[in-house]
Amino acid sequence: MHDNTKLVEMRVDRFVRERIVPALYHRRTPLAVSRWVVPGEPVPFAEALAADFEAIDNGTAWGRPWGTTWFRLSGGVPDGWGGEGKRLEVVVDLGYSDTQPGFQAEATAYRPDGTVIKGLHPRNRYVALSDATAGASGGDAGSTVDLLLEASSNPDVAGGGDFTFEPTRLGDLSTAGDAPLYRWRAADLAELDVTVWELQQDIAALTGLVEQLPATSSRRATVVRALEDMVDAVDPDDVSGTAAAGRDALRAVLSARADATAHRIVAVGHAHIDSAWLWPTRETARKCARTFSNVLALMDEDDDLVFACSSAQQYAWVRDSHPELFERIRERVREGRFVPVGGMWVESDTNMPGGEALARQFVAGKRFFAEEFGVEPLDVWLPDSFGYTAALPQIAAAAGARWFLTQKPSWNETNRMPHHTFWWEGIDGSRIYTHFPPADTYNSAVSAEDLARAESQFAEKGRANTSLLPFGYGDGGGGPTREMLAAAARTRDLEGSPRVELGGPLEFFRDAQAEYPEPPVWSGEMYLEFHRGTYTSQARTKRGNRRSEHLLREAELWATTATVRAGAAYPYDALEETWHTVLLQQFHDILPGTSIAWVHREAEERYAAVAERLEGLIAASLGDIAGPGEQRLVFNAGPHAVAGASALGAGPADAGDEASPVIHDADDPAGIVLDNGVIRVVVDGDGLLSSVVDLRAGGREALAPGSRGALLQLHRDTPTQWDAWDIDDHYRRHTTDLVAADVVELVSSDAARATVRVVRSFGSSRVEQLITLEAGSAVIGLELDVDWHERQKLLKLAFPVDVHADRATSEIQFGHLHRPTHSNTSWDAARFETCAHRWVHVGESDWGVAVTNDSTYGHDIGRSTRDGGGTTTTVRLSLLRAPVYPDPEADQGSHRLRVGLVVGAGIPEAVREGYRINLPLREVVGGSAPEPIVRVEGSDGIVVEAVKLAEDRSGDVVVRLYEAHGSRARGRLVAGFDVDEIVETDLLERPHEEPTALTGGDGTLALRPFQIVTLRLRRRTS
C-alpha cells in the first residue's frame, strides 16, 4: 500500500496555516491609538502620562533607533462579546518581523495607575482584557480599555537573528541616525476562541512528535492517521463550531502514555537576558521588567510554572525602577515559584575576572538574595559564558554552592564533552556536581525536537535518566509563553516522547544526584573550543577591568589599615557601589569585548569613574596612615616585599636593596647592550632583543638560537563566523613580522635603570616601545604605546625562548594551570589560544622564563623544531584585534600596555612579578611608615589576596589568602593589631564548622595546593 504520510503532513500543515490560525481570534475590533515620542532617554511613567499624545493610524512609521515611544490604546467592548469558551484580549503588533525574539521592538504594558501588566514581544502580543480595562469588570460588555505601552525601538543589530556579521552603525547612539525603524500595524480588542487555541496546541505537539519518530514506527503512523481524522472532523467553514470535534479525534493519541523507560525531563522556565550585548545596560533593565512581568502573568494562569532567574543585578534594576513589580516578584519567591539561581551579581565571564572579583560575584549576589528574599541559591547558573576556569569549583563551593549548570560547551567546534552529568574538579581538588542540559539550548520552546535531542544525546543513559530543560525566549523575547506551557502539559506522559514535568533547579539537582550519586569526574578547566577572540577584543575594556580589580585591592587594604591604625571611617558604601559597577562590567558579553559600541564606550567611562573614585579613597587612606610629616615613603599593596617596602605595608622611599648599577654600551656592533650584573640584554638595530643572557646561570642564553624577542607580529584576522568572538586557527597562515624600526635609541641611563626607545610604523598604525632594565632585576620591562588603526588584524608579541617545555603554566584565579605546548590530541590542538592572567611560564626542571603583563589575557604558547635538533618554545601575547562586528570601531585608537620578560624564573618568581607589574609602589610624603596590619610568616607560597572589613559592618577584619605555588604550605598569619579571635570562614564570611586550614588559634595555617582560605579577625575592643 502506498505510504501517503508525507501528503497527510502537508495537508495538516496547510490546514493549520489557512484555517486554524485565522480562526484563533473569533472577532476583532480596532482600538484608538495615540502616541508620544520621548525626546531623549527613557522617562518615568508619570512624565509620560502627563504628556500630549497625538492620534495615529495603522501603518504609521515610528521609532528612531534606541528611542522610546509611548502609545495609549483605548476603546470599548462591543455588546455580545465574551462568553463561554471565549477570552477577550488586547492584541498588539508593533511592526514585528518574523525573526528571533529579543532583537527588535518590545513594549511594557501599564495600567493608568502606573502598575506594570506585562511585556509585549513578537511571540507574546496579547494583554488579557481583565488587565487592560477601566470601569466595569474585565470581559463585561461596556468595559473600557485603557492601556499605555512604553515601546522601545531597538534596532535589530543581529540582522534578523541570522547574524550575518555585517558592520553596522546602529550599535552606537551617535551614529545610528533618526530614521524610523518600525511601522505600527495594529492594536485590536480580540476574542480568543479557547477551544480553537487548545486544538492548535494539540496539533503542534503531535506534528512535532511525528517529525521525531522513526518513519517505520507504528506510533508515527497512528498519530498521522489521527491528524488526518482531525482535519476531516473540523469544518473549514466553521472551525470554531467543530474544533471540539477535532480535539476528540486526537484525544486517544494524546492520552497514550509514555514508555516506562522514557527519558525524564524537568522543564524549568527561564529567560536568559544578557545584561548587555546588542543593547546597552539601560535597555536590559527594561527587558527585565517586561520579561519578569510576563512570568508573573503566566503564573496567575498556570500554577505549575516555576521560573529560574539569575543575576542579582537584574533584580536590583527592577527593584529600583518598578518597586510594585518587585514586590510581586518577592511574593512569588516566597512561594518557591520565582527562583533566584546562580548566586552571582551577573552571569559573568569566568576566564578573565581576577580571583577576588570572581569571589565577589558570589559575595555580592548571595548577599543581595539573602537581604531581599531571604534565600540562598545553592547552584551556579552560567549557561552562556565562554568557557569555565578550573578555579571555579573551589570558589563556588567556598560560597556555599553545591551544583553547577551550563550549556555552552555544546558549542565546541572540535570535541564533544563526554558527559552531561558529572563531578567537576578544580585545581585544588574541590568538586561540584555539574549538569549540561543535553538538549543543547537554554532557550527551548519545549518543542518535540528539543525533547528528542535531549533523550538521544544524554550521555549517562543506563546510569541515569533525568535532564534539565530551560525553556523560554531570552534576551528580551519575553521568557516562557502559554504555548510552551501547553507543550509541556501535553508531553507530561506521551507515548513516543520523553516525560516532561515542570519544576525548579533545586528539585532537579536533588533528584539527579540521588539518581546518580557517583558520576564520572571532569578535572580542570572546561575550555570552550570557540570564541577564543574574547580574551583580546576591546582591549580598553579589559584594561579597565584589570586596573579596577587592583585599585579595589589597594582601596580596601589601605582603608582597612587607616581604620585600624588611625581610626578613619571605612568607606563601606563607596566600595560596595564600586564593586557592583566592576562586577556588572564582568558580564560575559562586556568584559569579553563582544557588545555593541555603546556598551564598550560606556564601560570605558565607568572604568574611568571607578579609577577616579578609588584613587581618591586610596589617597585619603594613605594620608591618614602616613600622618603629617616630610618623609618620602613608598606604600606596597602587593603580597611580597618590594624595594624596602614590606608586603601590604610601607617603607622609606630610598631604602631599596643594594644592587649593581645598570651599565650600557650603545656603541657595541651587536646593538645597545644593557647589563646589571644579573642579566645582559642586547637590543639590535631593529629594536628587537637579539640576546638575553642570565648571568646567574653561568651565562645561559634565554632566547632560542637564531631568533629575536619582543617581536611584534601582524596577522590577518577574518573569523569564519563570530567576528569579535572568534580567533580561528587559520590566522597563523598569514603572518607579517614587524621588524623594521623608525627609531632605536637609548633615551635614559643611570645607576637605577636604562631605557631604549623603539618606534615602528606599519599600515596606518604606530607603536612606540620602551625597553627598560632596572638595577638588580632579572626582568626586562616593555611599555608599549600603540596607535592602532588596522581592520581585521591581530597584533601579537612574541618571545621565542630556548627551553624544552612540553607544558606551559598560566596564572588563573587563585593559582595556575598547566596546558600542553604540543598537539598530541584533538583536545590539545583545539586549545591553540588560551587565557592567562598576570603571567605565563615555560621552563625546564631547573630554569625557566615567565612573561608578565598588566592588561593582556590572550596567549598562545607552542613549540617548533629547530635545525640541529631540540625545540624552541615561543610565548606570544595577543595584544590587539580589530573586528568589525558588532562594533565596527573596536580597538581603534590609543592603547598602553606593559609586559615583562622574567629571566631565570620559576613559579615563585612568576607569581611575585605578576603582582609587581600590576601593583606599582605609591610614593607618599608623611610622618612614618607603619607596620602592615597583617603579614604571613613561614611561607612565600601563602599569598594574601584581600584585606577588608567584614560585609556585616561589624568592624572585623577579613583576610583572604591562598596557596600560589601549587605545593602544600605551612605558615602563620600575624595580625598587627590586637585580636580576640581568628575564625576560618567561607567566602560569605560565615564560620566553618570544621576549619580546613586554620590549625591554631594563633593564626597557624596548613594549606593544600591552591587552597583559598578566608579568615575573620575579631578586633579586641577593650
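This text leads through the enclosed spaces of a predicted model and then through several of its individual residues.

The cavities offer a way into the interior. A search over the whole structure returns eight cavities of 30 Å³ or more, and the largest of them holds about 240 Å³ of space. Its lining is made up of 22 residues, and those that lie nearest the centre of this cavity are G354, G355, E549, R838 and E945. Two helices and two strands each give two or more residues to the lining of the largest cavity, namely helix 10 (355-373), helix 15 (539-566), strand 38 (807-812) and strand 48 (942-949). Among the contributors, helix 15 gives the most, with five residues. In chemical character the lining of the largest cavity divides into eight nonpolar, five polar and nine charged residues.

The second largest cavity contains about 70 Å³ of space. The residues that line this second cavity are N351, T389, E525, Y527, Y535, I812, Q813, R819, T834, C835 and H837, and they divide into four nonpolar, five polar and two charged. One of these lining residues, C835, has a relative accessible area of 6% and is therefore buried, the limit for that class being under 20%.

The cysteines can be followed a step further. A disulfide is a covalent bond between the sulfur atoms of two cysteines. When a pair of cysteine sulfur atoms is required to lie within 2.5 Å, the count for this model comes to zero disulfides. C309 illustrates the outcome, because the closest cysteine sulfur to its own, that of C288, is 6.8 Å away, which is too far for a bond. C309 is also a buried residue, since its relative accessibility is 4%.

Backbone geometry brings the reader to the loop between strand 23 (521-523) and helix 15, where H531 is located and where Q538 also has its place. Most residues other than glycine have a negative phi, and most peptide bonds are trans. H531, although not a glycine, has a positive phi of about 55°, and Q538, likewise a residue other than glycine, has a positive phi near 55°. Both residues of this loop are withdrawn from the surface in the sense used here: H531 is buried, with a relative accessible area of 2%, and Q538 counts as buried because its relative accessibility is 2%. A further backbone feature is found at the peptide bond from Y885 to P886, which is cis, with omega near 5°. P886 belongs to the loop between strand 44 (871-880) and strand 45 (893-903).

Burial can also be followed along an element. In helix 13 (residues 482-490), seven of the nine residues are buried, so this helix is largely enclosed by the rest of the structure. The buried residues of helix 13 are R482, M484, L485, A486, A487, A488 and R490.

Two side chains give a more local picture. Q394 lies in helix 11 (residues 392-398) and counts as buried, because its relative accessibility is 6%. When neighbours within four places in sequence are left aside, Q394 is in contact with D428, S430, R1008, F1010, Q1011 and I1012. With D428, the contact includes a polar one, made between the side chains of Q394 and D428 at 3.5 Å.

H804, by comparison, is placed in the loop between strand 37 (793-801) and strand 38. Its relative accessibility is 46%, and H804 therefore counts as partly exposed. Leaving aside neighbours within four places in sequence, the contacts of H804 are with G843, E844, R863, T871 and T873. The side chain of T871 in particular makes a polar contact with the side chain of H804, at 2.8 Å. W424 is not a neighbour of H804 along the chain, the two being 380 residues apart, and their C-alpha atoms are separated by 31 Å.

Key: Residues numbered from 1 in each chain as written. Predicted model: local features only at pLDDT ≥ 70, side-chain atom pairs only at ≥ 80, totals over all residues. Heavy atoms only, no water. 1 Å grid on protein atoms, 1.4 Å probe; cavity = no way out; pocket = protein on both sides within 12 Å on 5 of 7 lines; lining within 4 Å. Points joined across faces, edges and corners; volume = space filled by probe spheres on them. Helix = DSSP H or I, 4+ residues; strand = E, 2+ residues; numbered from the N terminus. Nonpolar A, V, L, I, M, F, W, Y, C, P; charged D, E, K, R; others polar. Buried < 20%, exposed > 50% of the residue type's maximum accessible area, 1.4 Å probe, protein only. Contact = heavy atoms within 4.5 Å. Polar contact = N/O pair within 3.5 Å; in protein donor to acceptor, adjacent residues only side chain to side chain.
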